[in-house]
Amino acid sequence: MVHEKYFEMLKRQETLLGRKNERDAAFYNGIYDRYVYPVLTREHIPLTWQYDLSKESNPYFMERLGINAVMNSGAIYLNGKYYLVARIEGNDRKSFFGVAESDNGVDGFRFWDYPILLDDTCPEETNVYDMRLTQHEDGYIYGVFCSESKDRTVNDLSAAVAAAGIVRTKDLKHWERLDNLVTLRSPQQRNVVLHPEFVDGQYAFYTRPMDDFIDTGSGGGVGFGLCDDITHAVVDMEKMTSLRKYHTITEAKNGAGAVPIKTDLGWIHIAHGVRNTAAGLRYVIYAFATALDDPSKVIAEPSGLLIGPRGGERVGDVSNVVFTNGAIVNEKEEVFIYYASADTRLHVATTTMDKLKDYVFNTPSDPGRSVECVAQRCKLIEKNLELLQK
């Protein structure tokens, strides 16, 4: 017999799932719109994933396999629908992936009946998270994610090793696990993104070279490398694209986010940057562009952040953080940027391709010094005051 509490909770969840999202009328910057409600939270997870519904075996209707957070999500647009492959963290701290589907991309997301069960090909792997979804010109949809294992070279229970796991699919239901990415000159990798097109006839990866699981060490920013065989991907050389810079939003580290968006002006990248503060690391989202004929060459980099945590977004498991690993452009050239806040919940910001290109290619870059930044701002003020006097 199904416990009566299930139907009570299901009714409450259906109200949440059917709630319409609203643009945040109090926010304006001309670049994108924010929304009042997150698109995915732990409350969106199917009750069947968490509770034993049987009144006989679970008389008190206790949560048996709890969910702590829903966050960093890959995103893809297929056949007029919006799909998120979200990172779901259980109360046990293990993360896994689940597919959520929506008709409009801003609300109504519902998870499929089951989470994704990956092929168990890496016995040393303990945790997986932050999948990027690339619809590649070879006909496959690739998922590139962080594969985390215990670092057994040191006597520290928190020490880990990060690698880039790779899977591929054609329907988001049947996933083939490929070999993890090997980068010969970087001991560890996180935040790896597969470029959607071949470059010089090869598969191209945006990487983040790391010496250590937490610290980038000698890693100078977002890397770029090529490989011949995606099923046994090996990158020999990594050249740097968007660099870490002193006293900027990328000072501590930075990494690729969403899969690059192709435009007539160049490839637009929506990435994340990290700086240190007295309260700990602060993660924000920024944008840059690379050349169409050389996707490793940065040709535009607007000053500062694109999205930073605001209000309640600052509070959660890891406060003062926003992070993206998924964006969608539909046939109307509407852009949906999916970002998590505080490693707790998932939001969306929407814009258009015209606005995003305007922002990336016409926003001035950071001159690097306070005195030059003030001079840059004074020129803008002077131009505006002259205009107002006409």
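Two strands count as paired if DSSP finds at least two bridges between them. The exercises below apply to a predicted model.

**Exercise 1. Sheet order and edges**

Task: State the order of the open sheet of three strands, and find which strands stand at its edges.

Solution:
1. The order of this open sheet is 22-23-24, and the pairing is antiparallel.
2. Strand 22 (322-329) and strand 24 (345-352) each have a single partner strand, so one side of each is left without a neighbour in the sheet. These two strands are therefore the edges.
3. On average, neighbouring strands of the sheet are turned by 25° against each other, with direction ignored.

**Exercise 2. The link between strands 23 and 24, and the helix across them**

Task: Determine how many bridges join strand 23 to strand 24, which residue stands opposite S341, and which helix lies across the strands.

Solution:
1. Strand 23 covers residues 334-341 and is joined to strand 24 by eight bridges. The two strands run antiparallel.
2. Opposite S341 stands R345, in strand 24.
3. Helix 2 (residues 353-362) lies across strand 22, strand 23 and strand 24. Its direction is at about 90° to strand 24.

**Exercise 3. Overall dimensions**

Task: Count the helices and strands, then decide how the radius of gyration stands against the globule rule.

Solution:
1. The protein has three helices and 24 strands.
2. Its radius of gyration is 22 Å, and the globule rule gives 21 Å for 390 residues. The two values are close, so the protein is as compact as a globular protein of that length.
3. Along the principal axes, the C-alpha atoms fill a box of roughly 75 × 55 × 45 Å.

**Exercise 4. The largest cavity**

Task: Give the volume of the largest cavity and describe its lining by class.

Solution:
1. The structure holds three cavities of 30 Å³ or more.
2. The largest cavity has a volume of about 80 Å³.
3. Residues that line this cavity include L16, L17, R19, K20 and N21, as well as Y37, P38 and V39. Also among them are H44, D107, G108 and F109.
4. By class, the lining has six nonpolar, three polar and three charged residues.

**Exercise 5. The second largest pocket**

Task: Identify the residues nearest the centre of the second largest pocket and the helix that gives the most to its lining.

Solution:
1. The volume of the second largest pocket is about 600 Å³.
2. Its lining has 21 residues, and S303, G304, P364, S365 and D366 lie nearest the centre.
3. Helix 3 (residues 370-389) gives the most to this lining, with four residues.
4. By class, the lining of this pocket has seven nonpolar, nine polar and five charged residues.

How values were computed: Residues numbered from 1 in each chain as written. Predicted model: local features only at pLDDT ≥ 70, side-chain atom pairs only at ≥ 80, totals over all residues. Heavy atoms only, no water. Axes fitted to C-alpha atoms, helices over the stretch in contact; angles between N-to-C directions. Contact = heavy atoms within 4.5 Å. 1 Å grid on protein atoms, 1.4 Å probe; cavity = no way out; pocket = protein on both sides within 12 Å on 5 of 7 lines; lining within 4 Å. Points joined across faces, edges and corners; volume = space filled by probe spheres on them. Nonpolar A, V, L, I, M, F, W, Y, C, P; charged D, E, K, R; others polar. Rg over C-alpha atoms; globule rule 2.2 N^0.38 Å.
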